[in-house]
Amino acid sequence: MAAMGRSSFFAVCFVVLMTLLSQVMRHDSMLEGIPSGKTRVLDLSYAINDKLVAWPGDAKFFEAKINASVEKNGYFTRSFWMLEHYGTHLDAPAHFPPGKATVDQIPVKQFFGPAVVIDVRTESAKDADYQLTASRVAEWEKQHGRVPEGGIVLLRTGWTSRWPDVQKYRNQDAQGLMHFPGFSMEAAKLLIERKVSGLGCDTLSVDYGASSDFAVHHLSLGAGLYHLENLADLSDLPESGAFLIVAPIKLEGGSGGAVRVFALLP
């Protein structure tokens, strides 16, 4: 019995080791395939300009000025001003208490990880106030396996079809209350237990639009996760198998900032 127990243990260890090695080799292969085009790279970020959808109440959100022109100076430069939370951006833990880390303090390893894409376009089309449930996460795990530690969970609501129409994207009612999908507290708690690195969405906020207390922000940022908001079209991403590279501006002391998000697909 003891010998059989040891054999079973070593067999399990071998399977786990081979799985890890295959994942590392796959990711290395994906990186090596970028120059040749064997690996597809998706840019999940909107270009920054003054025509993006800003959070309601922000009177000023982006401004760019020409400092030097080719005609006058022989070269071209600009200066620009923008909100930290505008366009495709990252929320650092410090954005909401009890989170503490600013953009420049987030561990670098959290910016790289497998994409976990949960498709709720059907639910969102029926209910603009839809919130991702823990049972919906469980359905994803039945199909694709346990949500991986260090994964970056993206909520695909289909809201990008409304971008950049301010009225449709914010979807405000007569009282000014916004209506768009987001994560629920129970789903956020489960994903924190899975030790994911971040949550992302193709809407203005990971909290659903009608939220008044931003409970998911407080919970997940307080747990050390970050958020990716206003992600561009996620329709080409598989529910699993893609790898994300998250590259935020390294703004010292920042509560958030503009971010470039790349998805690698074999």
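This dialogue walks through how to read several features of a predicted model.

Reader: Before going into detail, what do the secondary structure and the buried share of the protein chain come to?

Author: The model is predicted, and its protein chain comes to seven helices and twelve strands. Of the 266 residues of the chain, 44% count as buried, while the accessible surface comes to about 14,000 Å², of which 57% belongs to carbon and sulfur atoms.

Reader: How should I read the contacts in terms of sequence separation, and what share of them join residues at least 24 apart?

Author: The pool to consider is the contacts between residues at least 6 apart in sequence, and in the protein chain 73% of these join residues at least 24 apart. Valine 116 offers a case: its C-alpha lies 6.0 Å from that of glutamate 239, although the two are 123 residues apart in sequence.

Reader: Where is valine 116 placed, is it buried or exposed, and which residues does it touch?

Author: Valine 116 belongs to strand E5, which covers residues 112-119, and it counts as buried because its relative accessibility is 1%, where the cut-off for buried is under 20%. Setting aside residues up to four places away in sequence, valine 116 touches Trp140, Val147, Pro148, Ile152, Val153, Leu154 and Glu239.

Reader: Now to charged pairs: how many salt bridges does the count come to?

Author: The general idea is that side chains of opposite charge can pair when their charged atoms come close. With a cut-off of 4 Å between the side-chain nitrogen and the carboxyl oxygen, the count comes to nine salt bridges.

Reader: Which parts does the salt bridge between aspartate 43 and arginine 260 tie together?

Author: In that salt bridge, the closest N and O atoms of aspartate 43 and arginine 260 are 2.8 Å apart. Aspartate 43 lies in strand E1 (residues 40-43) and arginine 260 in strand E12 (residues 256-265), so the pair ties together parts that are 217 residues apart in sequence. Aspartate 43 counts as partly exposed at 34% relative accessibility, and arginine 260 is likewise partly exposed, at 43%.

Reader: And how does the pair of glutamate 139 and arginine 136 sit in the secondary structure?

Author: Both residues lie in helix H4 (residues 134-144), three residues apart, which is about one turn of the helix. The closest N and O atoms of their salt bridge are 3.8 Å apart. As for accessibility, glutamate 139 is partly exposed, with a relative accessible area of 40%, whereas arginine 136 is buried, with 14%.

Reader: Which residues are linked in a network of salt bridges?

Author: Such a network links Asp119, Arg121 and Arg156. Within it, the side chains of arginine 121 and aspartate 119 meet at 2.5 Å, N to O; arginine 121 is partly exposed, with a relative accessible area of 36%, while aspartate 119 is buried, with 14%.

Reader: When I look at a helix, which of its residues are buried, taking H7 as the case, and what covers them?

Author: In helix H7, residues 215-222, the buried residues are Ala215, Val216, His217, Ser220 and Leu221. Their cover includes strand E4 (89-91), E8, helix H6 (185-193), strand E9 (198-201) and strand E10 (226-229). H7 is followed by glycine 224, whose phi is positive, near 95 degrees.

Reader: Turning to loops, where is aspartate 104 placed, and with which residues is it in contact?

Author: Aspartate 104 has its place in the loop between E4 and E5 and counts as partly exposed, at 26% relative accessibility. Apart from neighbours within four places in sequence, aspartate 104 is in contact with Lys250, Leu251, Glu252, Gly253 and Gly254. The C-alpha atoms of aspartate 104 and glycine 253 are separated by 6.8 Å, although the two residues are 149 residues apart along the chain.

Reader: Finally, what is the volume of the second largest pocket, and which residues are closest to its centre?

Author: The second largest pocket has a volume of about 230 Å³. Of the 18 residues that line this pocket, Trp55, His85, His89, His95 and Glu229 are the closest to its centre. Sorted by class, the lining of the second largest pocket has eight nonpolar, seven polar and three charged residues.

How values were computed
Residues are numbered from 1 along each chain as its sequence is written. This is a predicted model: local features need pLDDT of at least 70, side-chain atom pairs count only at pLDDT 80 or more; totals for chains, interfaces and linings use all residues. Side-chain values use heavy atoms; hydrogens and water are left out. On a 1 Å grid over the protein atoms alone, a cavity is a set of points where a 1.4 Å probe fits but cannot get out, and a pocket is an open set with protein on both sides within 12 Å along at least five of seven lines; lining residues have an atom within 4 Å of a point. Grid points are joined across faces, edges and corners, and a volume is the space filled by probe spheres set on the points. Ala, Val, Leu, Ile, Met, Phe, Trp, Tyr, Cys and Pro count as nonpolar, Asp, Glu, Lys and Arg as charged, and the others, Gly among them, as polar. Helices (H or I, at least four residues) and strands (E, at least two) are DSSP runs, numbered from the N terminus. Buried means under 20% relative accessible area, exposed over 50%, partly exposed in between (1.4 Å probe, protein chains only). Contact means heavy atoms within 4.5 Å. Accessible areas come from the Shrake-Rupley method with a 1.4 Å probe; for residues, only the protein chains shown count as cover.
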